[in-house]
Amino acid sequence: AENIMTTDAPEKEIVSKWRIACDGGGGALGHPRVWLQIPHDEGFVECGYCGKKFIHESFAKKVK
């Protein structure tokens, strides 16, 4: 039998601020804290470490 590893889809979070911090969650299992700026024209930003997508609430219905 093959051992197939699957990865979960990156998390998404609706946020109310344009500048947010991501540390991967999970305490020691996370990553260094980084500050991310959500571009006003796109409405979302993805963390370069964990891939989590932060979507500004004003774009919540527009961004998939």
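Which residue forms a salt bridge with Glu13? Lys52 does, and the closest N and O atoms of the two are 2.7 Å apart. Keep that pair in mind; it gets its own view below. Everything shown here comes from a predicted model.

**View 1. The whole chain is built from strands.** The protein has five strands and zero helices. Follow the sequence from start to end and you read β-β-β-β-β. Of the 64 residues in the protein, 28% are buried. The accessible surface adds up to about 5,000 Å², and carbon and sulfur atoms account for 52% of that. Now take the contacts between residues at least 6 apart in sequence: 35% of them join residues at least 24 apart.

**View 2. Strands β2 and β3 sit side by side.** Here β2, residues 19-22, pairs with β3, residues 34-37, in the antiparallel sense. Four bridges link the two strands. Pick out Ala21 in β2 and look across to β3: its bridge partner there is Trp35. Strand β2 also has two faces to look for. Ile20 and Cys22 are on the covered face, while Arg19 and Ala21 are on the uncovered one.

**View 3. Glu13 reaches Lys52.** This is the pair from the opening, a salt bridge with its closest N and O atoms 2.7 Å apart. Glu13 belongs to strand β1 (residues 12-15), whereas Lys52 is in the loop between β4 (44-46) and β5 (53-56), so the salt bridge ties together parts that are 39 residues apart in sequence. How accessible are the two ends? Glu13 is partly exposed, with a relative accessible area of 32%. Lys52, at 15% relative accessibility, counts as buried.

**View 4. Asp23 and Arg33 meet within one loop.** The side chains of Asp23 and Arg33 form a salt bridge, at 3.6 Å from N to O. Both residues lie in the loop between β2 and β3, so this pair ties together parts that are 10 residues apart in sequence. Asp23 is partly exposed at 32% relative accessibility. Arg33 has 55% relative accessibility and counts as exposed.

**View 5. Lys53 pairs with Glu46.** By the rule used here, the structure has three salt bridges, and this view shows the one between Lys53 and Glu46. Their closest N and O atoms are 3.9 Å apart. Lys53 counts as buried, with 13% relative accessibility. Glu46 comes out at 45% and counts as partly exposed.

**View 6. Cysteines without a disulfide.** Zero disulfides are found in the structure. Cys47 is in none, and the nearest cysteine sulfur to it, that of Cys50, is 3.8 Å away. What about Cys50 itself? Its sulfur has its closest cysteine sulfur in Cys22, and the distance of 3.7 Å is too far for a bond. The cut-off for a disulfide is 2.5 Å between the sulfur atoms. You may remember Cys22 from View 2, where it is on the covered face of β2. As for accessibility, Cys47 is buried at 4%, whereas Cys50 is partly exposed, with a relative accessible area of 37%.

Terms used: Residues are numbered from 1 along each chain as its sequence is written. This is a predicted model: local features need pLDDT of at least 70, side-chain atom pairs count only at pLDDT 80 or more; totals for chains, interfaces and linings use all residues. Side-chain values use heavy atoms; hydrogens and water are left out. Buried means under 20% relative accessible area, exposed over 50%, partly exposed in between (1.4 Å probe, protein chains only). Two strands pair if DSSP finds at least two bridges between them. Contact means heavy atoms within 4.5 Å. Accessible areas come from the Shrake-Rupley method with a 1.4 Å probe; for residues, only the protein chains shown count as cover. A salt bridge is a side-chain nitrogen of Lys or Arg within 4 Å of a carboxyl oxygen of Asp or Glu.
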